[in-house]
Amino acid sequence: MIKTVDHVQLSMRADDTDAMRDFYLDVLAMIEVEKPHALKARGGFWVKAGMMNIHFGVDDSFVAQKKPHIALGTDDLDNLAARFEQRNLAVTWDTKIPDIRRFFSVDPAGNRIELMEVRQ
């Protein structure tokens with residue numbers, strides 16, 4: 001039986017690498033994980049936060065989609081939203097689910113992301 005998600009892979013164009021790395025490491029405060037030597041030549045990079053891993057793979061024919069997304073949880077949603085706004089990144093609040101505080105944005109490659117409050 002499946003017990004967990006090991007990682008999610010998102011696509012980006014090679015030209016987006018620096019902006020994507022800055023976004024996930026600086027804005028979202030994730031930690032970069034060294035890719036195995038055998039995979040480094042493919043480009044991209046890997047990050048993690050807690051037990052969650054995201055792998056970014058290079059696909060120069062990548063076209064961002066409007067609906068598919070990853071949802072990232074935080075215990076400080078308001079501070080994160082302020083960090084996005086300070087960097088002129090989109091913050092679109094959504095109240096369609098009554099008991100969940102969340103907003104949507106996009107990363108520099110155009111991947112849609114949901115940022116949601118994790119309640120303790």
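The exercises below concern the pockets and the nonpolar core of a predicted model.

**Exercise 1.** Describe the largest pocket by its volume, its lining and the elements that contribute to the lining.

*Solution.* Begin with the space itself, which has a volume of about 300 Å³. Next, turn to the lining, which is made up of 15 residues, with L28, L72, G73, T74 and L80 lying nearest the centre of the pocket. Then assign the lining to elements: β5 (69-74) and α3 (77-86) are those that give two or more residues, and β5 gives the most, with four residues. Finally, sort the lining by class, which yields ten nonpolar, three polar and two charged residues.

**Exercise 2.** Describe the second largest pocket in the corresponding way.

*Solution.* The second largest pocket holds about 170 Å³ of space, and the residues lining it include K35, R42, W46, H55 and F56. Strand β4 (residues 52-58) provides the largest share of this lining, namely four residues. By class, the lining has four nonpolar, four polar and two charged residues.

**Exercise 3.** Locate F56 with respect to the largest nonpolar core, and list its contacts beyond four places in sequence.

*Solution.* The largest nonpolar core has 24 residues, and F56 is among those with the most contacts inside it, together with Y24, L28, I54, F84, F103 and L115. Elements giving two or more residues to this core include β1 (8-12), α1 (17-27), β3 (45-49) and β8 (112-117). Once neighbours within four places in sequence are left aside, F56 is in contact with L10, M12, M20, Y24, G43, G44, F45, W46 and V47. As a last step, return to the second largest pocket, where F56 also belongs to the lining, as do G43 and W46.

Definitions and conventions: Residues are numbered from 1 along each chain as its sequence is written. This is a predicted model: local features need pLDDT of at least 70, side-chain atom pairs count only at pLDDT 80 or more; totals for chains, interfaces and linings use all residues. Side-chain values use heavy atoms; hydrogens and water are left out. On a 1 Å grid over the protein atoms alone, a cavity is a set of points where a 1.4 Å probe fits but cannot get out, and a pocket is an open set with protein on both sides within 12 Å along at least five of seven lines; lining residues have an atom within 4 Å of a point. Grid points are joined across faces, edges and corners, and a volume is the space filled by probe spheres set on the points. Ala, Val, Leu, Ile, Met, Phe, Trp, Tyr, Cys and Pro count as nonpolar, Asp, Glu, Lys and Arg as charged, and the others, Gly among them, as polar. A nonpolar core is a set of buried Ala, Val, Leu, Ile, Met, Phe, Trp, Tyr and Cys residues joined through side-chain atoms within 4.5 Å. Buried means under 20% relative accessible area, exposed over 50%, partly exposed in between (1.4 Å probe, protein chains only). Contact means heavy atoms within 4.5 Å.
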